[in-house]
Amino acid sequence: MTTSAQQRGIARCTECGKLSHLPDLGDNSVASCPRCNVALSFRKPQSLQRSWAYTVAAIALLLPANILPILTVISFGQGDPDTIMSGVVKLWVSDLQAIAAIVFIASIAVPVLKLVILIILMLVVQLQLPLNRQQCTVLYRFIHFIGRWSMLDLFMISILVTLVHLGNIATVESGPAATAFAAVVVLTLLAANSFDPRLIWDLDDE
Amino acid sequence: MEGRCPRCKAVLWHSAKHTDTISFAAAISGLILFYPAITLPILKFSMVGQNGSNSLIGGIYRMWIEQEKMLAILILLCSLIAPLMHLLLTAVVCLSIRLNHFPPHFPQWLKYKCWMQSWSMLEVYAMGIIVAYVKMMHDGDVSVSGGTYCLCALLLCVILSSQYFYEEQAWQHWEQNKPA
Ligand SMILES: [Zn+2]
């Protein structure tokens with residue numbers, strides 16, 4: 001059984017990483033980091049509330065992001081709007097399986113997986129579920145690492161819209177789902193950032 | 001030697017003495033490469049005699065005029081402002097440490113550098129170029145242009161300058177040498 005820094009009254013600054021002794025303060029006073037002057041606390045403040053708020057908002061926006069069209073390729077006046085999923089299917093049937101897999105992972109698997117893992121981690125903390133702490137930490141590191149790759153689709157849209165801009169011959173237009181999807185990506189990034197993985201380990205100390 | 005967290009096994013501390021020379025050099029090279037990387041055409045596309053091309057900055061501009069303003073701002077942040085500020089602040093921080101001269105805003109610079117680093121997503125943009133290339137392969141002639149090479153070199157600089165930068169060491173250096 002290890003002793004946590006919190007049990008010894010040591011807090012780590014969220015900005016600069018300096019460890020300092022945090023005295024037992026009243027409700028209204030704040031201690032600040034001796035190195036960089038940021039307010040100190042043992043854990044990220046309101047970590048769970050913030051993560052839940054961002055996660056719920058992201059789930060709500062996941063629906064329009066997947067139902068509405070995200071991209072329309074028009075060549076010679078013809079072209080159907082594509083949703084994220086139909087774009088992947090089109091790539092798959094035109095024998096571009098590798099790219100289809102990359103787009104599927106970045107635009108569908110990553111956001112959904114990220115939200116599912118975040119919900120699991122938050123439930124573990126809130127309901128004190130007896131899941132392996134080490135595995136939960138690995139999951140957290142995983143979503144922290146893969147989150148940014150969801151931006152892939154948005155960058156690709158920006159590239160295609162500019163590249164294929166040939167008047168009557170061929171154009172690419174972005175759809176309303178692009179904005180919704182961008183919001184999902186940003187919200188999941190914020191949700192993962194506001195979650196404090198130390199809360200998982202704190203369960204063992206109680 | 002290194003110290004690890006007894007619970008989650010994350011590395012907490014290294015005994016090796018680091019040098020930020022590579023980080024500094026990579027940041028300077030990245031800043032030099034920045035202008036060509038964002039303005040030169042990345043891909044060229046031609047279809048029945050008509051040609052089109054795109055650059056990083058052109059892509060953001062087109063999103064903006066096509067009323068995708070939120071998206072344009074997000075792409076501007078992740079692919080242009082964040083990498084640029086990350087390199088600039090890395091160079092400035094390394095220079096301050098080298099000259100042993102710490103302006104009053106040094107702690108803020110160090111914090112902004114970390115924030116910018118977390119929003120810099122050039123490696124994802126590079127993957128976006130590959131996906132766009134393959135996607136349009138069947139519809140017309142796509143070719144890689146100068147901007148892609150500059151962008152790849154820039155990406156290498158961004159990775160090197162963040163890999164060889166040691167934040168804790170920079171903080172400690174400032175703490176020991178800051179003007180009273
Ligand atoms: Zn601090």
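Here is a friendly conversation about chains A and B of a predicted model.

Visitor: How many helices and strands does chain A have?
Guide: Reading along the sequence of chain A gives the pattern β-β-α-β-β-α-α-α-α-β-α-α. Counting up the two kinds of element, chain A has seven helices and five strands.

Visitor: Is chain A a compact globule or more spread out?
Guide: Start with the box: along its principal axes, the C-alpha trace of chain A spans about 70 × 35 × 25 Å. For 206 residues the globule rule gives 17 Å, while the radius of gyration of chain A is 22 Å, well over that value, so chain A is more spread out than a compact globule.

Visitor: What radius of gyration does chain B have?
Guide: The C-alpha atoms of chain B fill a box of roughly 65 × 35 × 30 Å along the principal axes. A compact globule of 180 residues would come out near 16 Å, but chain B has 20 Å.

Visitor: What share of the residues in chain A is buried?
Guide: A residue counts as buried when its relative accessible area is under 20%. Of the 206 residues in chain A, the buried share is 47%.

Visitor: What percentage of the accessible surface of chain B do carbon and sulfur atoms supply?
Guide: Chain B exposes about 9,100 Å². The part of that area supplied by carbon and sulfur atoms is 64%.

Visitor: In chain A, how far apart are the centres of the positive and negative side chains?
Guide: Chain A carries 13 positive and 13 negative side chains. Taking the centre of each set, the distance between them is 11 Å.

Visitor: And how far apart are the mean positions of the charges in chain B?
Guide: In chain B there are 12 positive and 10 negative charges. Their mean positions are separated by 7 Å.

Visitor: How far does helix H5 of chain B reach from its first C-alpha to its last?
Guide: Helix H5 of chain B covers residues 122-136, which is 15 residues. At 1.5 Å a residue the expected reach is 21 Å, and the helix comes close to it, at 21 Å.

Visitor: Why can H5(B) be called largely enclosed, and how many of its residues are buried?
Guide: The buried residues of H5(B) include Leu122(B), Tyr125(B), Ile129(B) and Met136(B). Lys135(B) is also one of the buried residues. H5(B) is largely enclosed by the rest of the structure because, of its 15 residues, the number buried is eleven.

How values were computed
Residues are numbered from 1 along each chain as its sequence is written. Chains are lettered from A and ligands numbered from 1 in the order in which they are written. This is a predicted model: local features need pLDDT of at least 70, side-chain atom pairs count only at pLDDT 80 or more; totals for chains, interfaces and linings use all residues. Side-chain values use heavy atoms; hydrogens and water are left out. Helices (H or I, at least four residues) and strands (E, at least two) are DSSP runs, numbered from the N terminus. The radius of gyration is taken over C-alpha atoms; the globule rule is 2.2 Å times the number of residues to the power 0.38. Buried means under 20% relative accessible area, exposed over 50%, partly exposed in between (1.4 Å probe, protein chains only). Lys and Arg count as positive and Asp and Glu as negative; His and the chain ends are not counted. The place of a charge is taken as NZ of Lys, CZ of Arg, CG of Asp or CD of Glu. The expected span of a helix is 1.5 Å times one less than its number of residues. Accessible areas come from the Shrake-Rupley method with a 1.4 Å probe; for residues, only the protein chains shown count as cover.
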